[in-house]
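Student: Please take a close look at the annotated part of this model. Keep it connected, and give me the distances where you have them.

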Amino acid sequence: MARAIVYTEIGSPAVLHLMEIPDPVAARGEVVVRIEAAGANPIDAKLRSGKRPSPPITEPRPVGFDGAGVVELLGEGVDDLAVGDRVAIRDGVGTYASAIAIAAEKLAKLPDSVTMAEGAAIGIPAGTAYQALRSLGVTAGDVLLVHAGSGSVGQAAVQFAVAWGATVIATASPARHDQLRELGAIPVAYGDGLLDRVRAAAPSPVTVVLDGAGTDEAIETSLALVADRDRIATIVRGPDAASFGIRAFSGGSPVPLTEQELAWRAEALPKTIELLDTGDFTIELGPQLPLAEAAQAHELMESGAASGKIILVP
Ligand SMILES: NC(=O)c1ccc[n+]([C@@H]2O[C@H](COP(=O)([O-])OP(=O)(O)OC[C@H]3O[C@@H](n4cnc5c(N)ncnc54)[C@H](OP(=O)(O)O)[C@@H]3O)[C@@H](O)[C@H]2O)c1
């Protein structure tokens, strides 16, 4: 039997529990991956708590989209992977598990230089950052403001944008500023007076914004800085982004991601692995907890008490 974290009702982290499930089988085009690390993302907690609406629960609902592990079984028609390959997973259904079946196209091979925990920390954060920056057309010469620059998405966005030649200003609590400087960003503390601090820190006017904070302060500051609303995007305030005239990439937006945007999210996985392999990208890892402690992982994530990507280990 395999083991998976599931929930049968919306609620606090306590609704998460470990369950035995039949060993997954690989259908055509799929492989079975033995999970060695699962990355916890805020969306996992938003779905569990009901902050992000979802269809009624009719059977135990699996948790988690990101992970990494070892290929254990190959379905028919899979010829670019082999049993024993180390892989990172994006867009999995229920990566908080000891094993899952998943379409081979959602996997990317991990070189030995990239750890399982790093592999499990790429799918959503780097995918979202990369797609959002590509959609916004961030390029050399831009001055990009990243709200929540110290978060998993924020740090990925900082690194991509710096690599593409943009100047990046990133908001974070002061304890994270040195780390953001190391990634090449100009750090600014969020909170009262943010607009003035960003203006003072920016070597030239901000031209484009990625909001990963979703606060009124982040939205208002962005609107005050950048006149062209097409160059302001939020990944958090999807439901009301349109009322500000700004763009939203999901985050509860009624506008689905385009084929191109989905393709960019997919493309980010192998690209980020390549950058990790060459030492041109870093991932801040946080606490690693046993799979059975998924509830504690969600508590930590929702309290904001831990910095770095929280990883569950089956
Ligand atoms: N739309 C999408 O497809 C998509 C994809 C991924 C994530 N998201 C959403 O994007 C958000 C960030 O995700 P993540 O994975 O990067 O989260 P994360 O790693 O948990 O980071 C959250 C960050 O928020 C920062 N923060 C807390 N309060 C803040 C405030 N008042 N102003 C500005 N920043 C503040 C924290 O900064 P300090 O630690 O420095 O205080 C922390 O770095 C979440 O809401 C998530 O649900 C959306």
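Tutor: Residues 11-312 have end C-alpha atoms that lie 20 Å apart. Helix makes up 31% of this span, and strand 24%. The model is predicted. The boundaries come from UniProt, where an unreviewed entry lists residues 11-312 as "domain: Enoyl reductase (ER)".

Start with the ligand. It is surrounded by 22 residues. The closest are K46, S150, S173, Y190 and F249. Now the polar pairs. A polar side-chain atom of Y190 lies 2.5 Å from an oxygen atom of the ligand. For R265, a polar side-chain atom is 3.0 Å from a ligand oxygen. V153 takes part through its backbone: one of its polar backbone atoms is 2.9 Å from an oxygen atom of the ligand.

Of the closest residues, take S150. Where does S150 sit in the fold? It is in the loop between β9 and α4, the latter being residues 152-163. Is S150 buried or exposed? Its relative accessibility is 12%. The cut-off for buried is under 20%, so S150 counts as buried. Leaving out residues up to four places away in sequence, S150 touches Q155, T171, A172, R176, L180 and E284.

Strand β9, residues 143-147, also leads on to helix α7, since β9 is part of what covers the buried residues there. Helix α7 runs over residues 216-225. Its buried residues are A218, I219, T221, S222 and L225. Why do they fall on the same side of α7? They cover an arc of only 165° around the axis, and that puts them on one side. The spacing rule helps here. An α-helix has 3.6 residues a turn, so residues three or four places apart point the same way. Besides β9, the cover over these residues includes α6 (194-201), β12 (208-211), β13 (232-234) and α8 (241-244).

Helix α2, residues 116-119, holds E118. With 17% relative accessibility, E118 counts as buried. Its side chain reaches the backbone nitrogen of T115 at 2.9 Å. Again without residues up to four places away in sequence, E118 touches S113, L276, I283 and L285. The C-alpha atoms of E118 and I311 are 9.2 Å apart, although 193 residues separate the two along the chain.

Now the sheet. Three strands form an open sheet in the order β2-β1-β4, with antiparallel pairing. The edges belong to β2 (17-21) and β4 (61-62). Each has a single partner strand, so one side of each has no neighbour in the sheet. Strands of a sheet pair through backbone hydrogen bonds, either parallel or antiparallel. Strand β1, residues 2-7, is joined to β2 by 5 bridges. Within that pairing, I5 stands opposite L18 in β2. Toward β4, β1 has 2 bridges, again antiparallel. There V6 stands opposite P62. As for burial, 5 of the 6 residues of β1 are buried, so the rest of the structure largely encloses this strand.

Conventions. Residues are numbered from 1 along each chain as its sequence is written. This is a predicted model: local features need pLDDT of at least 70, side-chain atom pairs count only at pLDDT 80 or more; totals for chains, interfaces and linings use all residues. Side-chain values use heavy atoms; hydrogens and water are left out. Buried means under 20% relative accessible area, exposed over 50%, partly exposed in between (1.4 Å probe, protein chains only). Helices (H or I, at least four residues) and strands (E, at least two) are DSSP runs, numbered from the N terminus. The arc is that of the directions from the helix axis to the C-beta atoms. Contact means heavy atoms within 4.5 Å. Two strands pair if DSSP finds at least two bridges between them. UniProt positions are given in the numbering used here, feature names are shortened, and annotations may be inferred rather than shown by experiment. A residue is near a molecule or strand if one of its heavy atoms lies within 4 Å of it. A polar contact is a pair of N or O atoms within 3.5 Å; within protein, one must be able to donate a hydrogen and the other to accept it, and residues adjacent in sequence count only if both atoms are side-chain atoms.
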